[in-house]
There are 2 protein chains.
Amino acid sequence: MKNKKPLILISNDDGIMAKGINELIKYLRPLGEIVVMAPDSPRSGMACAITSDCPVKYTLIRKEPGLFVYKCTGTPADCIKLARFAVLDREPDLVVGGINHGDNSAVNVHYSGTMGVVIEGCLSGVPSIGYSLCDHRLDANFEPTAEIIRAVAKRVLEDGLPEGICLNVNFPACEDIKGVKICRQTVGRWTHEWEQRTHPNGSDYFWLTGDFKNYEPDDEATDNWALKNGYAAITPTKIDVTAYEIMDQLKGWNL
Amino acid sequence: MKNKKPLILISNDDGIMAKGINELIKYLRPLGEIVVMAPDSPRSGMACAITSDCPVKYTLIRKEPGLFVYKCTGTPADCIKLARFAVLDREPDLVVGGINHGDNSAVNVHYSGTMGVVIEGCLSGVPSIGYSLCDHRLDANFEPTAEIIRAVAKRVLEDGLPEGICLNVNFPACEDIKGVKICRQTVGRWTHEWEQRTHPNGSDYFWLTGDFKNYEPDDEATDNWALKNGYAAITPTKIDVTAYEIMDQLKGWNL
């Protein structure tokens, strides 16, 4: 890792065995040196969670020219923190999360462990990209995303991204992606989120599920519209979540 | 819960046994009917994590006039989702997270389970507030925060908050809070995040720790400045994280 090739740090939330991350490694290897630090088992829906109540460990599981793969007992965000601290000998040029098995557009950005990877990279000052495919299946076909994934990563390696801004890239589950749209986060809500079951002992338990209700299905500026219409959606995402627009109003509260 | 008093849904990430949430219940009881659904053990640093790989359960542990307290096996965000689905007979008028044992200002908003509660409330369309005290101790003194907590909650119950915006309220750990500042999220980074130890068997493990490096310590508009100078910091926080400011630039990439 002492040469001049870009250093790309990869993680995900589906775990190191997932097809998505292993496809991503293949697609990005031509662009630089790859270090992977990914959870040792699935951590879907972990958002930016970090591990504070128990220690975290990592293990090297694969080493080839230009590729080091580690598995980690921590969360997706832990993986980025620990790789930077313990295994990298310089700052990465790019942090990449994915390819997620499932949609991280719209409000899903808040729950996504893939975006946890990306936000952690961005908080560390590294240009960061998350890739997700709208297909939850273990054997999802990622091949149609390869070209756009490489093009976006290449462009970010060349141009960088503004401080505090990362990219959330989602792909429709189709063979022929029509192109790329630059989008904003769709406004909508999850509904019918729980399925109630009864244990043999009589107690109730609940599975998280749900339907996403899109409040603006016809707005072509949104990431959901792009995905529904066969385009890859790039939603630039920021880590400063201050709602500047109501600060004056709140100052008027005279608390 | 059929009367006209405001319905306030409370959760946290330190778990139902924490002093902070039990103080919060005391401070808010005069304002309405209280329903608490909180994790059955600590879930610090869980951000907006949700539980998708195992079922979630809840149990009623305390019932008094105007107060129902449930413990839940899920994450802080799960608690809000499950309370709305399974125990409330109407939408809450207010969702409150806290009082957290520890600072959730600056970039900590991304890791905070307390803010996970609040963002979940906000995503559900309910005015939502997170309260945190910059003191991690189990027996921290929350009393100096009581008056401001009630004043902010009362004001939000009366005026509401704009759709998609919630409040992140942090308190300094001091006896005499000087007042309230409306702030923006401080720019800075966590550094020295891991402490490495060696197991008796020779393998290494890592504890997450760290120092927060404030990049703008003298900026009076930031939440960290307010806290360092003895003020409560109210940082309005939004759920639309789109970085609108670089959309045109990205469109120019012609991907």
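A residue is called buried here if 20 or more other C-beta atoms lie within 10 Å of its own, exposed if 12 or fewer do, and partly exposed in between, with C-beta atoms placed from the backbone. By that rule B:His101 counts as buried, since 25 C-beta neighbours lie inside 10 Å. The structure is a predicted model, in which local features need pLDDT of at least 70, side-chain atom pairs count only at pLDDT 80 or more, and totals for chains, interfaces and linings use all residues. Residues are numbered from 1 along each chain as its sequence is written, while chains are lettered from A and ligands numbered from 1 in the order in which they are written.

The confidence of the prediction may be stated next. For chain A the mean pLDDT (the predictor's confidence in each residue, from 0 to 100) is 96, and 99% of the residues reach 70 or more. The complex as a whole receives an ipTM of 0.95 and a pTM of 0.96.

Chain A contains six helices and 13 strands, where helices (H or I, at least four residues) and strands (E, at least two) are DSSP runs numbered from the N terminus. Its C-alpha trace spans about 55 × 50 × 50 Å along the principal axes. The radius of gyration of chain A, 19 Å, agrees with the value near 18 Å for a compact globule of 255 residues; this radius is taken over C-alpha atoms, and the globule rule is 2.2 Å times the number of residues to the power 0.38. Of the 255 residues of chain A, 53% are buried.

Chain B is superposed on chain A by a rotation of 180° with 0.0 Å of shift along its axis, at an RMSD of 0.0 Å. That is the relation of a two-fold axis; the fit is by least squares on the C-alpha atoms of residues with pLDDT of at least 70 in both copies. In the interface, 61 residues of chain B are in contact with 61 residues of chain A, contact meaning that the C-beta atoms, placed from the backbone, lie within 7 Å. Strand β13(B) gives the most to the side of chain B that touches chain A, with five residues. Because 100% of the interface residues of chain B are also interface residues in chain A, the copies meet through the same surface.

Within chain B, helix α1 (residues 19-28) has buried residues B:Gly20, B:Ile21, B:Glu23, B:Leu24, B:Tyr27 and B:Leu28. They lie on the same side of α1(B), because they cover an arc of only 160° around the axis, the arc being that of the directions from the helix axis to the C-beta atoms. Among the elements that cover them are β1 (7-11), β5 (94-101) and α4 (146-159) of chain B.

Strand β5 of chain B also holds B:His101, whose contacts beyond four places in sequence include B:Gly20, B:Asp14 and B:His136. In the same chain, B:Ile99 is found in strand β5, and the peptide bond from B:Gly98 to B:Ile99 is cis, with omega near -10°. The bond from A:Gly98 to A:Ile99 is likewise cis, with omega near -15°.

Two residues of chain B that are not glycine have a positive phi. B:Ala106, with phi near 55°, lies in the loop between β5 and α3 and is buried, with 27 other C-beta atoms within 10 Å. B:Asn254, with phi of about 50°, lies in the segment after α6 and counts as exposed, with 8 C-beta neighbours inside 10 Å.

Conventions
Two residues are in contact if their C-beta atoms, placed from the backbone, lie within 7 Å.
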